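Welcome, and please open your viewer with side chains switched on. We will go from stop to stop, and at each one you will hear what to select and what is there.

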Amino acid sequence: MRWILTRLFFAFALVTVAAPSWSQLVVHIRWDGYARFADEVREGRFEVADLALLEPVLTRVETVATQPCSVLDATPLLTLDLYATDLRIRQAQEAAAEEGAAERRDALEADLQMTQRLVAHALSCRPTDGDLWLTLALFARVLGAPEAEVTRYLAMSRKHAPHEDLIAQRRDALF
């Protein structure tokens, strides 16, 4: 009888420990390939053809604001979306003289606004991230926000990352 109780207790403990980890394992498996891709992006990858590879990721961006912060923490979604935005800007610059450039500019502006919302959501999860504040300031300036708003975002970036050289260099170069 005692060994039955021991085994039941062990099984209960195993289920109790494994259940919360299961969802994390599923997220890890789903995003593993994209995590390696994001590492390549951080190392300098920049190919406009990558937009086709990012389509499955970019369709998820629209629903991120309704999901918990753990999605942004556990996945490279923000990095890949910012990369896709850079690629779309490059693509729009290359196609500026082509027919339909006005439509592409409108689509690009909509993409920029969606990415700005994603960055704002990421800031709601990590309000002390000076780099995210700088990124938000950059988007605000590009999208024509009032100068007071851009200045406020820059001040928050300085407040939360006053001595981080890379962020300070980007701040000085961009503003």
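Select Glu-40 to begin: this residue is partly exposed, at 35% relative accessible area (buried means under 20%, exposed over 50%, partly exposed in between, with a 1.4 Å probe and protein chains only). Now add Arg-45, whose side chain meets that of Glu-40 in a salt bridge of 2.6 Å, N to O. A salt bridge here is a side-chain nitrogen of Lys or Arg within 4 Å of a carboxyl oxygen of Asp or Glu. Arg-45 is partly exposed too, with 23% relative accessible area.

Before moving on, a word about what is on screen. This is a predicted model, where local features need pLDDT of at least 70, side-chain atom pairs count only at pLDDT 80 or more, and totals for chains, interfaces and linings use all residues. Residues are numbered from 1 along each chain as its sequence is written, and side-chain values use heavy atoms, with hydrogens and water left out.

Next, select Glu-47. Its side chain forms a salt bridge with Arg-45 at 4.0 Å, N to O, and Glu-47 is partly exposed at 41%. Add Asp-50 and you have a network of salt bridges linking Glu-40, Arg-45, Glu-47 and Asp-50. In the whole structure, seven salt bridges are found.

For another of these pairs, select Asp-131 and Arg-170, whose side chains meet at 2.4 Å, N to O. This pair links distant parts of the chain, 39 residues apart: Asp-131 sits in helix α6 and Arg-170 in helix α8. (Helices are DSSP runs of H or I with at least four residues, numbered from the N terminus.) Asp-131 is partly exposed at 28%, and so is Arg-170 at 31%.

Stay there, as both residues also help line the largest pocket. A pocket is an open set of points on a 1 Å grid over the protein atoms alone, where a 1.4 Å probe fits, with protein on both sides within 12 Å along at least five of seven lines; lining residues have an atom within 4 Å of a point. Its volume is about 280 Å³, counted as the space filled by probe spheres set on the points. Which helix should you color for the largest share of the lining? Choose α6, which gives five residues. Helices α4 (77–94) and α8 (165–174) each supply at least two.

Finally, select Met-1, in the segment before α1 (2–42). Met-1 counts as exposed, at 69% relative accessibility.
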